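Here is a short briefing to read alongside the model. Take a look at the structure first, then follow the points below.

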Amino acid sequence: MRQPNLTDVALFAAVVEAGGFRVAAQKRGMSASSISDCVRRLESDLGVRLLNRTTRSVFPTEVGARLLERLRPALDEIGAAFSDLDNDARHPVGTLRLNVPVPIARFVLPQLIPTFLERYPGVSVEVTMDNTFIDVIAAGYDAGVRYEESVAKDMIAVPIGPRRQRFVAAASPAYLEKNGMPLHPRDLLEHRLIGHRFESGKLGVWEFEKDGAIVRVPPQGPLLSSSQDLEVGAAIGGVGLIYTFEEYLGPLFAQGALIPVLEDWWQAFDGPYLYYNDRRHVPSPLRAFVDFLKAETV
């Protein structure tokens with residue numbers, strides 16, 4: 001006797017339950033002839049006849065009935081297992097652990113997380129802010145958020161938040177009144193610039209772009225910080241010019257606390273991506289979040 005195919009076993013049970021090949025085929029989305037072939041193969045593998053076939057009906061032989069009686073608990077357990085998987089996908093439970101840069105936690109996630117948590121009450125979210133690129137799996141996170149140039153090629157990347165962003169330059173009215181308005185990025189060499197240093201130790205170089213021309217300016221000035229809040233506050237206080245995410249400065253433009261500088265040179269770039277590794281089982285909270293993001297971008 002050859003080891004039977006489990007699919008053939010399940011189809012044999014489906015035929016008995018349906019009382020015929022045609023009804024079973026309709027329920028399974030298969031052809032009646034395909035199911036018949038599978039049952040014949042099972043009978044051949046076992047070396048016994050399992051079904052009596054007449055022109056009007058199909059019913060199990062004595063051997064087939066005994067076999068089905070023994071198999072029923074196992075088939076029910078298999079069905080319950082797949083049902084649990086389906087329930088897990090539709091009603092996820094657990095913690096979603098994310099590692100994201102500070103601007104994402106400040107400007108992007110507040111627009112998404114409240115709706116996500118309301119939609120999936122069984123899920124909680126734990127967010128760690130980190131501006132460096134890390135191996136999220138090795139660090140114990142389900143996923144990270146970074147910009148495309150930082151996402152490794154073996155990761156799955158899903159768009160999250162705005163699809164285009166800009167770096168914008170600005171200074172306080174008092175600073176510009178005292179030092180003048182720069183008209184070209186090279187004029188910044190004569191100005192006080194507020195610099196940003198990343199956790200990696202790398203100094204953020206200001207990069208401007210216009211009509212295909214790119215100008216890079218290493219910031220030189222009285223303040224170098226890893227805190228965006230400190231840099232913004234210093235710019236408002238007249239310490240120097242700042243160049244950062246538009247989300248930080250947009251409201252300050254409206255208030256008049258800062259004035260845009262070199263607007264036609266501001267550089268635009270692609271928005272962030274949620275990234276994760278699919279070489280392992282994707283936890284249900286992460287799967288729910290990915291599906292949520294995809295629905296939000298439609």
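An automatic or database domain assignment splits the chain into domain 1 (4-85), domain 2 (92-161 + 270-295) and domain 3 (163-268). The model is predicted, with local features needing pLDDT of at least 70, side-chain atom pairs counting only at pLDDT 80 or more, and totals for chains, interfaces and linings using all residues. Residues are numbered from 1 along each chain as its sequence is written, and side-chain values use heavy atoms, without hydrogens and water.

**Domains**
- Between domain 1 and domain 2, the C-alpha centres are 43 Å apart.
- The unreviewed UniProt entry places "domain: HTH lysR-type" at residues 4-61, an annotation that may be inferred rather than shown by experiment.
- Residues 4-61 are 62% helix and 10% strand, with end C-alpha atoms 18 Å apart; helices are DSSP runs (H or I, at least four residues), as are strands (E, at least two), numbered from the N terminus.

**Helix 1 and helix 3**
- In contact (heavy atoms within 4.5 Å), Asp8, Val9, Leu11, Phe12 and Val15 of helix 1 meet Ile35, Cys38, Val39, Arg41 and Leu42 of helix 3.

**Salt bridges**
- The model has ten salt bridges, each a side-chain nitrogen of Lys or Arg within 4 Å of a carboxyl oxygen of Asp or Glu.
- One salt bridge joins the side chains of Asp8 and Arg41 (2.7 Å, N to O).
- Asp8 lies in helix 1 and Arg41 in helix 3, so this pair ties together parts 33 residues apart in sequence.
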